[in-house]
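Here's a quick briefing to read alongside the sequence and the 3D view. Have both open and click along as you go.

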Amino acid sequence: MANFSHQIEEIKTLLSSTTKSDKSVAYSTLLHLPRTVQLRHRPFSDSIARRRLSLSLLSPILTDISSDDEEIAAQALKCLGFVIYHPALLATILGDDANLILDSLTKVIITTRMKSICNLGMWCISVQQFDALYLAANFHSLLRAIVHALDNPIGSLCQQLSRLCRGWPDGLGLRFEGLLRSKIFGMKFPSSCSLLEANDWGQIMQRNFKLSSALQLAVMKLTTQLNDKMRDTPNIWAPPIYRRLISMDKRARDMAERCLLKIRPTIYPPSLTLSKAIVIDMKGKFLPGMKELLNHGLKIQAVQAWEWFIRLLGPYGVKNRHLVNEMLKIPEQTFSDADPQVQIASLVAWEGLIDALIRPPISAPETIKAVEHGFQKGRTCEGKSGEGEGFSKSIKLVMTPIVGIMSSKCDASVHSSCLNTWCYLLHKLDYFVNSPPIVKTVLEPILDAVFRVGPDSKSNWLWNSCLDLLDDFILTKSRDVDYDLNNHKNYQLSAKIPTTGPPTSGKCSWKHYPVKWLPWDLNQLDFWLKMIRILINQGSMVTVPMEAKGFVFNAALRIFRSVLKGVRIVLKNSSVNYDEVKLCLNKLLGLLKMICEDVNSENSDVNNLHQSSLQFVVAVMEELEPSVLGSPLYKVALDLNYIDPLQSVNETKHAEVLGVRFTLYKDMVSPVIYLIILYFYGVFKSTLNTPGAKIVMEDACRNFKMILSSFEPSEILETVVSLLYKHVGFGCLKVWIPIAKGLKEYIDEAKDVSLLKPDCDNPRSLAVCDFLSYPFAVCSGPQKQLTTVQSTGLQESIVSFQSQRRLELEHVIEVSKSLYVSVDHVSRFVSSISNSFAEDLSLTLNGCLDDDTKVLGCGTELNSSNNNQDHDLLLLCGNIVICVLEHILVSGVSSTGNKDTDGGDYKRSSGINNSLGLAARFMTLSRTMIETIPPPDSALISRVFSVLVHFVDCLRLKEDILSFVQIMSSPLLQWLSYAEIPCQDTKRQLQLLWTKTLNCLRSRCPPLTFDSSFLKRQAPLLKRTLDHPNPSISEPTITFWNSTYALEKLDYPPNLLSVLDKLSRNGRINLCKRTLPFIEKCNSKTNAPQRYRVSTATQNRCSKRVELLEEKVNGIEDNDKQSLCQKRKRQELTEHQKEVRRAQQGRERDCSGHGPGIRTYSALDFSQGNEESQDSQEIRDADLSWRC
């Protein structure tokens, strides 16, 4: 301790000396003293020692800093700087001593004429750690010193320090310089930090050190410690700093810019006094200085200075239009420069103009209206409107170079910088960015420019950035956010919610500057749809690569879905009126019409984008409420251009037969019907284009199921059916297949019975039956449909084409059968009548086949040019017949027959007449084509006959049996009349079918009545089969005759006489002989007792006649009488028959010869007698009519 005190006294003595050498030694020793004492005795941390050191030496140091000797003054300032920096030493300086130090420093800075001394004085101010209370007391003197130093053309302090410190002994200069450099970087050392430790730290930071002026350090130090006072006086101390921005000296410019960046929060936004100072300097110095920089090729430096000046002009300065116009000439030159770096610097500087001009007033929504009012062209505004007009002009001024650069072919770096500037503008606009005029002026031009150029490998990021921003704006409507115009937290929600899509570098622009979107309304719908149109038009251009086309369409679809989400929310608002809803729907449908018609046009080069265009239609049906799209209140005109030509071209005869109701051009339809027609229009078009057609069909299946689940299924199916029948061609079956699959999946899942309920306007037809009939309409359509398909077959060979056609038809058949099974299963929940759907479908198909069947029934051979098409019809019809009959058998053909307890008989039909009629038509069709049928089709005929064999074997009801015989007689006759059937299996099945038919008639219990009328109906078949050259046909027929008609006395039809005569004379058949003509017996027995019997007309189930017949006459031969008695033994009457008998007896005959007691029976009830009546000929004539 004694040594330390002794050293202090020696240093004090040397400082009191008047010789320079003594003072130099003293200051050198003083700088070494803390390190020496610390290494030996470590008493430096003692507070008494520190205070003794500071108080005993402070007075001579303050005296020497004002010395005229530069070396002595510099050494004194170095020691003073260390004292007021080091926390341990500074703590010993209190009150007046601190004020004395600050006062002395300011005097030295102001009065010295030496650069090094001035710089060291500023350095002392920059490193001092005085309390703000002392600084505030000396603020004006400090401010004066800073201004003086800023205006004093002095050199770099660091250079001076480096030169001076290098002269210190034992490397102390380097160590202390390291300490100074560490301080410049803001490193604070603890109070116990030694000089050695500080030196080590300084050396670590030295490699990253950049020389900085004491001026910059001093200003930054004071703005940190006295921010409020510095903020109030920037017009005093800031001008000397920003004036260096136009200096030709790079070091001065760099120093000024670094300093301004550090103190920017203090000087920006600029105060009115600072703005006035800038205006004055701008007119006199800055404009010429920036032009001089431009002339010297320093364009980047000039525009960087321009940025600072325009920022600091503030609201006051930008009101000077003349001055602003003069300043705008600087970036006008740099924006057009070919150097990308100059352009980027100009765009960065342009943000300064945005700061100066774009200051949206924070006020009520009426200010937004004033802004919108100001955008109206040619209108003079006052007050708020005047403010809005000026704001709109500022917006247009700022947007001019941004739009120009975005529309030009620049480097990607320039476009990226331009996007940043634009996003900064959006950020500065605050909530005014949501104003429609602002959207039109700021958003629309940039998005238009970006979307109309590219995309390519260089601009994909730019596309993605703009798409993300646009999507973020749109999706604010679909976010459940309660927003408030005065609550800025909600505005920035869009910046916190990530958007969809892959991350891109461009996202940083608008995420760094969060845009304050607000939920939008329908007034902005036009803007969204316009952006989508621009994207679609870009994707439709011929020059755009195919990969880029898909990217563009997907981007447009993404934006469109976002818009639809917002529209859905808007339409839920009860404040939206009817006209607004209609207008919104019309705009959306208009966009879809444009997209689909452009993509599907004949001259379009985007045929492979059908799937993308169809996704737009599906998006509307998925996103909007079904209650809106399906509502009859919002009907729209069906103005699709392709509908009109279809009116007169493709309405087929089958549609007329089925009663299909077509939707006509300009008809008023609900929005969903419009969308369905538009969607399947694109699907039909896609079948003509191979690329992507398979995916389109898969989507059609899924989407049709979705549509049926979301809307009224019967109305949807009727619409699709009407559209199908306007496109009748074999290629259109490719569209029918996915629709059928979607319909089946819907029925299987929903079990919806509404599709099976007939329309009240057309109860005869079911839409699902018309739908299943469509393949028949295609296969029996005009031959030109086939020619059209053949012409599009890519010039394949005929054999290959026919094979492919057959495969496609087999697929259609499988889908048809699958759909039939599903519908038939559900139909059992709708109707209590068995086979109701099978009958409805068969009735519909019979109508489709009737025109062709009429030709075939007349025996006219088919045109050979239509063989392929006729074979298609045969294949389709045969498979459907098999499917229908098999499922009737599975369900039980007689399961619904009701037992009549009075008659003990089954008298109700199973409902199979239409199904049998369909089978009969197939037999007629196949018989006509037998000569040209290929082997696969022959096998199909055999299968149909086999199913018929099994079917007739299962018949139990009398009505079913008689219907089968009646309906199948004509086609059976045609087949049995054929001399040689090529296919042996078909021939065998035909023989079996005939045998089973005869057995069914003969084995019916109770037995049928084989009377003359029934014989007359069977006469054509019996004529052909009794004497058939094939014993397999004739022998069962003869056996049948002998066991049925041979036992009765009948009136034989004339066409059977020759055959019966031949066979009876040969002894092969038996005839029942009479001893006396029956009619003579009846006429001679006028007094014979009479009785009534009921005779039934086979064709009319509701008309029954009671015939008066004579009793059996005597004189019949014994053998005949015995036979009759055995066959016609009267059965015991039921209670019902007895009631009828009592009602008939004793009554007078009416004028028509009918008894008064009339009781209705089944149409073919022959159980009460087999005598011929006087009206037998009339009954036989009626029986000849076909009920099918």
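A nonpolar core, as the term is used here, is a set of buried Ala, Val, Leu, Ile, Met, Phe, Trp, Tyr and Cys residues joined through side-chain atoms within 4.5 Å. Keep in mind that this is a predicted model. The protein chain has 57 helices and six strands, and 55% of its 1188 residues count as buried.

**The big picture**

- Take the contacts in the protein chain with a separation of 6 or more: residues 24 or more positions apart account for 78% of them.
- The largest nonpolar core holds 339 residues.
- Within that core, Tyr-242, Trp-422, Phe-451, Phe-560, Phe-680 and Trp-736 touch the most other members.
- Helix α46 (residues 867-891) supplies the largest share of this core, with 13 residues.
- As background, nonpolar side chains in soluble globular proteins tend to be buried together.

**Around α39 and α40**

- Helix α39 (residues 713-724) packs on helix α40 (residues 733-750) at an angle of about 165°, and their axes are 12 Å apart.
- Angles over 145 degrees count as roughly antiparallel, so α39 is roughly antiparallel to α40.
- The crossing of α39 past α40 is left-handed.
- On the α39 side you'll find Pro-713, Leu-717, Val-720 and Leu-724, and they meet Trp-736, Ile-739, Leu-743 and Tyr-746 of α40.
- Sorted by class, this α39 contact with α40 comes out as eight nonpolar residues, with no polar and no charged ones.
- Phe-680 ties into this neighbourhood: leaving out residues up to four places away in sequence, it touches Phe-704, Val-720, Leu-723, Val-735 and Ile-739.
- Two of those partners turn up in the helix pair as well, since Val-720 of α39 and Ile-739 of α40 are listed in its contact.

**Two further helix pairs**

- Helix α47 (residues 913-928) and helix α48 (residues 935-953) have axes that come within 11 Å and cross at roughly 145°.
- α47 goes past α48 in a left-handed crossing.
- From α47, Leu-916, Ala-919, Phe-922, Met-923 and Ser-926 meet Leu-940, Ile-941, Val-944, Phe-945, Leu-948 and Phe-951 in α48.
- That α47 contact with α48 counts ten nonpolar residues, one polar and no charged ones.
- Further along, the axes of helix α49 (residues 958-976) and helix α50 (residues 984-1002) come within 11 Å and cross at roughly 145°.
- Here too the crossing is left-handed, with α49 passing α50.
- α49 brings Ile-961, Phe-964, Val-965, Leu-972, Trp-975 and Leu-976, while α50 brings Thr-986, Leu-990, Leu-993, Trp-994, Thr-997, Cys-1000 and Leu-1001.
- By class, the α49 contact with α50 has eleven nonpolar, two polar and no charged residues.

**Two buried residues with distant partners**

- Leu-57 sits in helix α3 (residues 47-64).
- Its relative accessibility is 2%, so Leu-57 counts as buried.
- Leu-57 and Ile-11 are 46 residues apart in sequence, yet 8.2 Å apart in space, C-alpha to C-alpha.
- Not counting residues up to four places away, Leu-57 touches Ile-8, Ile-11, Lys-12, Leu-15 and Leu-30.
- Pro-1053 is in the loop between α52 (1031-1043) and α53 (1054-1065).
- Loop or not, Pro-1053 counts as buried because its relative accessibility is 8%.
- The C-alpha atoms of Pro-1053 and Gln-1018 are separated by 9.8 Å, with their places 35 residues apart along the chain.
- Setting aside neighbours within four places in sequence, Pro-1053 is in contact with Leu-1015, Lys-1016 and Ala-1019.

**Backbone oddities in loops**

- The peptide bond from Tyr-268 to Pro-269 is cis, with omega near 0°.
- Pro-269 lies in the loop between α17 (250-267) and α18 (272-295).
- Lys-666 isn't a glycine, but it has a positive phi of about 75°.
- You'll find Lys-666 in the loop between α36 (653-658) and β2 (668-669), and it is partly exposed at a relative accessible area of 47%.
- Lys-751 also has a positive phi, near 50°, in a residue other than glycine.
- Lys-751 lies in the loop between α40 and α41 (767-772), and at 42% relative accessibility it counts as partly exposed.

Definitions and conventions:
Residues are numbered from 1 along each chain as its sequence is written. This is a predicted model: local features need pLDDT of at least 70, side-chain atom pairs count only at pLDDT 80 or more; totals for chains, interfaces and linings use all residues. Side-chain values use heavy atoms; hydrogens and water are left out. Axes are lines fitted to C-alpha atoms, for helices over the stretch in contact, and angles run from 0 to 180 degrees between N-to-C directions. Helices (H or I, at least four residues) and strands (E, at least two) are DSSP runs, numbered from the N terminus. Angles under 35 degrees count as roughly parallel, over 145 as roughly antiparallel, 65 to 115 as roughly perpendicular and the rest as oblique. A crossing is left-handed if the near helix is turned anticlockwise from the far one by less than a right angle, and right-handed if clockwise. Contact means heavy atoms within 4.5 Å. Ala, Val, Leu, Ile, Met, Phe, Trp, Tyr, Cys and Pro count as nonpolar, Asp, Glu, Lys and Arg as charged, and the others, Gly among them, as polar. Buried means under 20% relative accessible area, exposed over 50%, partly exposed in between (1.4 Å probe, protein chains only).
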